[in-house]
Amino acid sequence: MFSALLYLQFQQTRNRLAARLRRLRQPKYLVGALVGGLYLYLNFFRFLALGNHRGRRVAAGTALATALGLSAAAWLATLENAGALFLLVLSLMGWILPKGRAALLFTEAEIAFLFPAPIPRRTLVQFRLLRSQLGILFSILLLTLITGRFRGANGAFGIVQPVVGWWVILSTAGLHALALSFARSLLLERGVSNARRRTFTLAAVALVLGGTLVWARHALPTQALATAFDAFLKSSDPRAALFDVLQAANALLDAPPLGWLLWPFKLPLRPFLAPDVPAFLRALGPALGLLALHYLFILRADVAFEEASVEASRALASRLQSAEQRGGGSRRSPAAYRRRRDPFPLQPGGVRAVALLWKNLLAAGGLFSARALVVGTTVLLIAFVSLQSVANHSGNRGFIPIVGLLAVEFLSMTVLFGSQMVRNDLRQDYANADLLKTYPLPGWQIVLGELLAPTLLLTLLQWALLAVAVGCFLVGGFGGAGGGAPAASHGGWMPWSVAPRLRFALAAALIAPPFNLLSLAVPNAAVLYLPGWFQRGPQAPQGVEVMGQRLIFFFGQFFVLIVALAPAVIVGAAVYFAGKILGVGESWSLLLAALATALLLVGEVVVALFPLGRCFEQLDLAADGKN
Amino acid sequence: MIAVEGLTKLYDRFVAVRDLSFTVRPGEVMGLVGSNGAGKTTTLRCLAGIIPPTEGRIVIAGHDLRADPIPAKSRLAFLADEPRLFDYLTVAQHLRFVARIYRVRDSAERAARLLAELELTDKADALPAELSRGMKQKLTIACGLLHEPAVIFFDEPLTGLDPAGIRRMKASIRARAEAGAAIIVSSHLLSMLEEICTHLLILKSGQKVAGGTLAEVRAAFLDADGPGGAHAADLEEVFFRATDAR
């Protein structure tokens with residue numbers, strides 16, 4: 001019986017690999033594979049390949065430990081404690097939060113073929129566990145590459161230790177999660193309700209934490225965790241203080257009864273963290289023993305998982321289908337959508353493209369609504385008033401500009417990556433392109449309508465951040481005093497008083513909408529002109545070659561955006577310098593330059609819309625995958 | 001009215017539809033039949049403006065679909081076999097959206113009437129995820145009919161409908177035709193087509209192998225071997241004879 005399941009898994013894996021290799025005949029995948037491979041090599045593989053040479057120098061974890069003055073043993077103990085605590089918290093969450101019965105995730109096809117077939121339940125479980133190993137092996141590859149980047153490949157014995165170590169950790173974690181779900185189901189079958197299970201668990205956790213705290217108060221040295229943390233905040237030598245914090249935290253986590261509770265969670269971590277071969281081999285035995293215990297429990301627990309599995313698989317299929325229809329993005333279940341109020345009243349008359357703006361704002365969820373606007377504005381106002389009040393009472397305004405700087409930093413992020421973050425445009429709606437093409441709208445209106453919602457959302461976000469930054473700099477007096485005093489006299493870097501600063505902010509606010517429109521037009525143009533390169537939904541191909549394609553796609557878009565921005569930037573610069581030469585004043589010149597730049601950007605978008613619209617009209621949806 | 005002249009659609013070298021010509025006048029319901037892969041859906045997608053034909057001319061309600069697509073699309077509705085809805089729009093919001101796209105002035109009354117007709121009134125605030133497949137299909141139909149199109153394309157319209165829904169759908173198609181709409185229905189359900197269609201177009205490998213009124217198509221495939229001499233074959237027999245698909 002199991003041989004048939006092995007055959008199924010083997011054939012699926014083989015065919016998938018063969019299909020991937022076959023598609024390398026297409027230049028777009030071959031180029032993608034080369035670029036993706038190069039990226040992986042430059043970022044990860046070479047650190048493994050250079051293991052004992054370069055690897056030593058990039059062992060960032062060890063470098064951190066040395067910088068903190070921690071011994072290797074203390075560093076490993078810290079990692080072990082932190083990892084065990086993390087696993088314990090995950091385990092508790094997996095035990096307390098879920099309320100349903102155990103479910104093993106099968107595909108809908110597997111359910112259709114295997115569940116009605118005369119296959120013992122235990123065999124199905126084994127099959128599922130076997131299949132999960134494929135995912136684990138892939139994760140091991142990734143984690144080995146990533147952790148190899150930071151620890152070098154010179155652990156206990158090169159590549160073997162991280163591979164085996166990660167396998168033990170991931171396999172145990174996977175089996176543990178399954179065992180928890182089985183145990184929950186067994187309790188439910190025996191009449192122990194979710195509420196009772198949760199109550200008992202929380203009470204036990206409280207007892208353990210209480211016991212640990214009691215022990216800590218009596219047994220820990222005077223340099224307790226709180227004292228160490230307080231010292232860290234006030235210390236002039238944060239490295240030494242951080243050393244104390246870590247030592248105190250380790251002592252607390254080793255303290256009984258928390259230490260006892262953490263002990264089993266440390267076992268699977270020890271092979272990975274072992275400093276040498278003997279330690280690795282010593283750690284491997286107990287870790288494998290724990291793994292075997294989990295496996296035996298799962299096989300022996302005769303838990304009915306079929307009904308919940310069918311439901312879970314259906315939900316997953318629904319999420320995948322929904323994501324596919326939305327053109328990728330999150331795999332949120334359609335059932336997770338909530339009714340939203342109309343972002344604004346949509347009248348039957350008027351410009352048709354506005355309907356697409358309206359629809360895509362609804363897709364953005366609660367981010368865009370009158371309520372969100374009111375709440376956002378209120379929060380900002382309260383925050384400003386609070387900051388002002390705190391600053392007045394404490395006499396310390398130093399922290400306010402930091403908030404402003406953070407806002408500026410986030411604003412910069414939205415400028416650089418905003419068009420990749422907000423995607424409720426053609427990238428999301430491409431899957432509905434056949435529907436959109438039946439609508440009586442010229443192509444340029446469809447493209448414009450699709451661009452409006454993300455442009456609006458990004459712009460509002462940027463304006464809000466700009467308002468925060470300006471408010472903070474005015475209140476906090478960053479770069480000079482607030483209240484209109486000339487900043488230069490206070491030694492600030494921004495040589496303007498309030499009014500010019502507001503003009504500067506106005507200039508930035510003026511440029512934001514057309515800049516966003518243009519920066520969003522670029523990826524949307526990429527979707528229209530290269531639909532075959534645009535990967536859509538969870539069913540889209542995956543692999544190194546696709547990663548390479550995405551890199552090419554991303555940097556290609558970035559390059560196009562820079563080229564598209566160049567004329568506007570040049571014109572803006574010319575206006576700025578002309579203004580300065582004519583004696584208009586620096587901030588006024590900047591405002592005029594922003595106006596000129598914004599107008600040119602709008603002009604560029606208008607010019608771009610028509611070919612993009614024609615491209616949409618001529619898009620042959622049946623043949624797009626061949627591009 | 002739908003007028004198609006020399007419609008051809010190629011995918012690379014593969015001919016999906018070859019030199020197809022036909023006319024559907026107001027009040028007529030034309031059944032589009034053919035085996036799987038015969039080119040029915042490709043034809044409908046070309047007629048609805050979803051994919052561009054490689055060659056040929058399509059006229060919808062007097063407007064050339066290629067030269068004058070906006071007025072042409074304003075008069076047509078394409079109802080696909082698989083309901084295509086937006087996950088995050090409720091039933092009522094779908095109708096508001098479509099009303100703006102098609103600029104339906106009295107959309108509120110029409111929407112209310114359609115929702116009542118399709119028994120969706122109490123689902124007006126439901127999201128697609130909360131609807132059964134049949135209800136989703138009904139919503140698609142409501143969206144398609146909101147602007148009272150002069151030309152309607154149905155692709156497997158009965159998929160997912162319950163018996164009552166099927167009866168209503170058939171009645172609805174007839175009623176739209178009687179009101180003057182030109183309709184094309186693509187389906188494998190020959191008995192249903194026999195009930196509601198006035199005309200038939202049979203495709204095989206992208207080419208027309210039979211076309212005309214039901215009587216004309218039947219007459220073209222007289223059952224000469226049947227008991228009692230030559231008589232008109234039923235539609236199933238006609239289909240098999242026309243396509244050699246037995």
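Three helices of chain A, namely H18 (399-421), H22 (498-529) and H23 (544-581), each supply at least two residues of the lining of the second largest cavity in this predicted model. That cavity holds about 100 Å³ of space, and its wall is made up of Val415(A), Leu416(A), Ser419(A), Gln420(A), Ser519(A), Val522(A), Pro523(A), Phe554(A), Gln557(A), Phe558(A) and Leu561(A). Sorted by class, the lining of the second largest cavity comprises 7 nonpolar and 4 polar residues, with no charged residues.

Rolling a probe the size of a water molecule over the atoms shows where empty space is left. By the rule applied here, there are 6 cavities of 30 Å³ or more, and the largest of these has a volume of about 300 Å³. Of the 21 residues that line the largest cavity, those closest to its centre come from both chains: Leu435(A), Thr438(A) and Tyr439(A), together with Phe78(B) and Thr140(B). The elements that give two or more residues to this lining are helix H20 (433-438) of chain A and, from chain B, strand S6 (76-79), helix H3 and helix H5 (133-145). Strand S6(B) gives the most to the lining of the largest cavity, with 4 residues. In contrast to the second largest cavity, whose lining has no charged residues, the lining of the largest cavity includes 3 charged residues alongside 13 nonpolar and 5 polar ones.

From the cavities the reader can turn to the contact between the two chains, to which chain B brings 35 residues and chain A brings 43 residues. The area buried between chain B and chain A is about 3,800 Å², and carbon and sulfur atoms give 57% of that area. On the side of chain B, Arg84(B), Tyr88(B) and Arg100(B) supply 24% of the area that this chain buries against chain A, more than any other three residues.

Polar and charged interactions also cross this interface: the rule finds 16 residue pairs in polar contact, with both residues at pLDDT 80 or more, and 4 salt bridges between chain B and chain A. In one salt bridge the side chains of Asp342(A) and Arg96(B) meet, with a distance of 2.8 Å from N to O. Strand S1 (2-11), helix H2 (69-74) and helix H3 (91-102) of chain B each supply at least two residues of the side that touches chain A, and among the elements of chain B, H3(B) gives the most to that side, with 7 residues. Helix H3 of chain B thus appears both on the side that touches chain A and in the lining of the largest cavity. Taken by class, the residues of the side of chain B that touches chain A divide into 18 nonpolar, 5 polar and 12 charged.

Methods. Residues numbered from 1 in each chain as written. Chains lettered and ligands numbered in written order. Predicted model: local features only at pLDDT ≥ 70, side-chain atom pairs only at ≥ 80, totals over all residues. Heavy atoms only, no water. Contact = heavy atoms within 4.5 Å. Buried area = accessible area lost by both parts, 1.4 Å probe. Polar contact = N/O pair within 3.5 Å; in protein donor to acceptor, adjacent residues only side chain to side chain. Nonpolar A, V, L, I, M, F, W, Y, C, P; charged D, E, K, R; others polar. 1 Å grid on protein atoms, 1.4 Å probe; cavity = no way out; pocket = protein on both sides within 12 Å on 5 of 7 lines; lining within 4 Å. Points joined across faces, edges and corners; volume = space filled by probe spheres on them.
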